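Grab your viewer and a coffee. Below is a short set of exercises with worked solutions.

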Amino acid sequence: MALTLSLHSRTAHPTDGPRGGAGLLRPILRLTGWRRLGLAWLAGALGALAMPPFGVLPALALSLSVAVWLTDAASADRPALRRILPCGLVGWAWGFGYLTAGLWWLGAAFLVEADEFAWAMPLGVVGLPFGLGLFYGAGFAAAGALWVRGPGRIAALAFGVGAAEWLRGHVLTGFPWNTLGMALGQDLRLMQAASVVGLYGLTVLAVLVCAAPATLATGSNPRSRFGPTLAAGIVLAALALHGAWRVDPAPDPVVAGVRLRLVQPNLPQDAKFRPENRDDIVERYVELTRRAPEPGEPRPTHIVWPESAFPFLIQRDPDALAKVGAGLEPGQILLTGAARADEPLPGERLRYYNAVLAIEPGGRITDSYDKVHLVPFGEYLPAPLDWLLRAVGLRQFVAIPGGFTAGERAAQRILTVPGLPPVAATICYEAIFPGAILPGAMLPNDVAQAAGAPPGLILNVTNDAWFGDTPGPRQHLAQARLRAVEEGLPLVRDANTGISAVIDPHGRITASLPLDRERVLDADLPARLVGGTLYGRLGDLPFGLMLAACLVGALRATLRAASRAGTGA
C-alpha cells in the first residue's frame with residue numbers, strides 16, 4: 001500500500017519552508033522548456049572542469065547542485081510516473097553538455113586526414129555526446145521516479161547516475177571515458193578509495209558529495225539543509241585520511257634486475273602510417289633504443305615501444321624484423337605494439353589484429369597479445385552498419401582493409417617475458433575499463449597458471465598522437481593511472497607522442513616524459529602490492545552494494561513522503 005502511495009503521491013515543492021531559499025532559486029525553478037534544458041547543458045559543461053587536466057572539484061559541486069534544482073523544478077507537483085520524462089530530459093541535457101565540454105578534443109582526430117574525415121567531425125564532437133547523454137537521461141529519469149523533498153533525492157541521484165555510468169561503460173562495447181568518479185580519481189589521497197570500490201564506486205561517492213550542497217538552498221529545516229553538506233565534508237575528510245594512511249611516504253620497492261626503457265618517438269600522426277616512411281621509422285626506433293644510458297645508470301633490460309609502431313606487418317618482413325632484433329643487446333627484450341595478421345583459411349580474408357609482440361635479440365617473436373576491446377569507428381566499423389557505412393564511403397580511421405579483428409575474449413592477456421613478472425597487456429583505451437585486469441577474469445598462460453602467478457604489472461601501449469596537445473592524452477593517462485590503484489599493480493605506459501610514464505601501485509608517477517617530445521625514459525619497475533587490493537578480489541561488488549544502499553535510502557525517503565501525504569502531515 002505504501003509503495004502504491006509513493007507512485008501516485010505528488011511531490012511537495014522542494015523549496016517549501018521558511019528557510020528554503022526559494023527567493024534565490026526562483027529564477028531557476030521558473031525555467032521551462034528549452035531554457036531549462038539550456039541551463040542544464042551549461043551546468044553539465046561546467047562540470048567537465050572537474051575532469052583532467054583541470055581537476056576543479058567545486059565545479060562539479062556547482063554543476064550537480066544546479067542539476068538537482070532543475071530536477072526539483074521538473075518534478076514539482078507531479079506524480080512519480082509523470083516525473084520520469086521531464087527529469088530524464090534534464091539529465092540528457094546535463095550529460096550532453098558535460099560530454100561535449102569534456103570530449104571536444106575528439107575533433108582533432110578528424111583533422112589528421114582532413115580531406116577524408118573533416119566532414120564527419122560534428123558526428124564525433126556533437127553526435128557522440130548527444131547520444132551518450134541518453135545514459136544520463138536514463139539515470140535522471142530513474143532518480144526522478146524516486147524524487148522527493150529533502151536529502152533523499154541526493155541518494156536517488158547517486159543511484160540513478162551511478163547505474164547510468166556503469167551502463168555507459170558496458171553497453172555497446174562501453175565508453176567509460178570521464179566517468180564522474182574521475183573527479184575524485186586525480187588527487188593521490190582521494191584516489192586510494194578506488195582500491196576498495198573501483199571507479200564506479202568513486203562515481204557514487206562523487207555524486208553524493210558534489211550534489212549535497214544543493215540542499216543548502218532548499219532545506220526546510222537545519223538538519224535537512226546543512227546535514228548533507230556536513231556529511232559530504234566528513235566523507236571527503238575520511239577519504240583523504242584513508243589515502244594518507246595508505247600511501248607510505250617511502251617509495252614502493254622495485255623489481256630486482258629490471259631496468260625499463262620507454263621509447264617515445266614523437267612521430268607525427270600523418271606520417272606514422274605511411275609505408276614510404278617504413279625504413280626511417282624503424283631506424284628512429286632502433287637509434288632511440290641503442291642510446292647510451294645516463295652516466296652511472298644501469299643498462300636497460302626491457303625496451304617498450306608504443307602502439308602500432310610500424311606502418312607494415314613486421315612479422316611478415318624478415319629484413320625489418322632482423323633489423324629490429326639487431327638493435328637489441330644480448331639479454332634485452334622488446335615489447336612493442338604492432339599490427340599482425342594470421343594466415344587465412346582457404347576462402348577467407350586476411351584478418352588483422354592490433355597486437356603487442358615480445359621480441360628477443362635476433363628478431364624472434366616469443367609471445368603476443370591481440371587487442372580485445374577495439375575502438376568503434378577508429379579500428380573497425382560496427383557490424384550491423386559496416387556494409388552501409390562502407391557503401392557511403394566511410395571507413396575506420398586506421399586504414400586496415402576490413403578493419404581490425406578483436407582478439408578472442410577467452411585468450412590470455414598475460415604475456416610471458418623473460419626477466420619480468422607476468423605482464424597484463426592493454427592497448428590504447430583498453431586501460432580505461434575498470435576490472436579489465438582482474439586476475440580472476442583472465443586465463444593466464446600455462447607457465448603462469450601452473451605457478452599460480454598473478455600479473456605483476458600492467459603494460460599499456462598507446463598512440464595518442466591523433467589528439468594533439470589537448471586534454472585527451474592527459475585524460476587518458478589519468479584514467480589508466482587509476483587502474484594501478486584499483487589492482488595494486490604498477491603501470492608501464494608507453495605513448496607515441498606522450499605522455500609516457502611509470503606508475504607505482506599506489507598511483508604515484510615515478511617517472512614520465514612530457515607530451516610532444518622525442519625521448520627515452522629509463523626507470524626501475526615498481527613491485528606489485530603484496531596481497532593485492534579488495535577491488536582486485538571483489539571487482540564491482542562493493543559498487544553494487546553502494547548502489548543498493550542509495551536505492552534503499554531513496555525508497556525510504558519516498559515511502560516516508562507518501563506516508564506523510566497519506567496522513568495529511
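The exercises go from salt bridges to surface patches and then to the backbone.

This is a predicted model, where local features need pLDDT of at least 70, side-chain atom pairs count only at pLDDT 80 or more, and totals for chains, interfaces and linings use all residues. Residues are numbered from 1 along each chain as its sequence is written, and side-chain values use heavy atoms, with hydrogens and water left out.

**Exercise 1.** Find the salt-bridge partners of R508 and R261, and work out which parts of the chain each pair links.

*Solution.* Start with the criterion: a side-chain nitrogen of Lys or Arg within 4 Å of a carboxyl oxygen of Asp or Glu. The structure holds 20 such bridges.

- Step 1: R508 pairs with D252, and their closest N and O atoms are 3.4 Å apart. This pair links distant parts of the chain, 256 residues apart: R508 is in the loop between β10 (501–503) and β11 (509–512), while D252 is in the loop between α10 (222–246) and β1 (254–264). (Helices, H or I with at least four residues, and strands, E with at least two, are DSSP runs numbered from the N terminus.)
- Step 2: R261 goes with D522, at 2.7 Å between the closest N and O atoms. Here strand β1 is linked to strand β12, with the two residues 261 apart.
- Step 3: Check the burial, which means under 20% relative accessible area, with exposed over 50% and partly exposed in between (1.4 Å probe, protein chains only). R508 and D252 are both buried, and R261 and D522 are both buried too.

**Exercise 2.** Follow E486 through its contacts: which side chain does it meet in a salt bridge, and which side chain has a polar atom 2.4 Å from its backbone oxygen?

*Solution.*

- Step 1: The side chain of E486 meets that of R483 at 2.7 Å, N to O. Both sit in helix α16 (residues 471–487), three residues apart, or about one turn of the helix, and both are buried.
- Step 2: The backbone oxygen of E486 lies 2.4 Å from a polar side-chain atom of T533. T533 is in the loop between β12 (519–526) and α17, and counts as buried because its relative accessibility is 4%.

**Exercise 3.** Locate the positive patch on the surface and say which helix gives the most to it.

*Solution.*

- Step 1: Look for R149, R223, R556, R560 and R564, which gather in a patch of positive charge. Patch members have over 30% relative accessible area and no salt bridge, with like charges joined within 9 Å and nonpolar side chains (Val, Leu, Ile, Met, Phe, Trp, Tyr) within 5 Å.
- Step 2: Helix α18 (residues 541–567) gives the most, with three residues. R556 lies in this helix and is exposed, because its relative accessible area is 53%.

**Exercise 4.** Hunt down the backbone oddities: which peptide bond joins G498 and I499, and what is the phi of L172?

*Solution.*

- Step 1: Recall the background: most residues other than glycine have a negative phi, and most peptide bonds are trans.
- Step 2: G498 and I499 are joined by a cis bond, with omega about 10 degrees. I499 is in the loop between β9 (491–495) and β10.
- Step 3: L172 has a positive phi, near 55 degrees. L172 is in the loop between α8 (152–168) and α9 (194–211), and counts as exposed because its relative accessible area is 75%.

Conventions: Areas by Shrake-Rupley, 256 points an atom, 1.4 Å probe, with all protein chains shown as cover. Lys, Arg positive; Asp, Glu negative; His and termini not counted. Charge placed at Lys NZ, Arg CZ, Asp CG, Glu CD. Polar contact = N/O pair within 3.5 Å; in protein donor to acceptor, adjacent residues only side chain to side chain.
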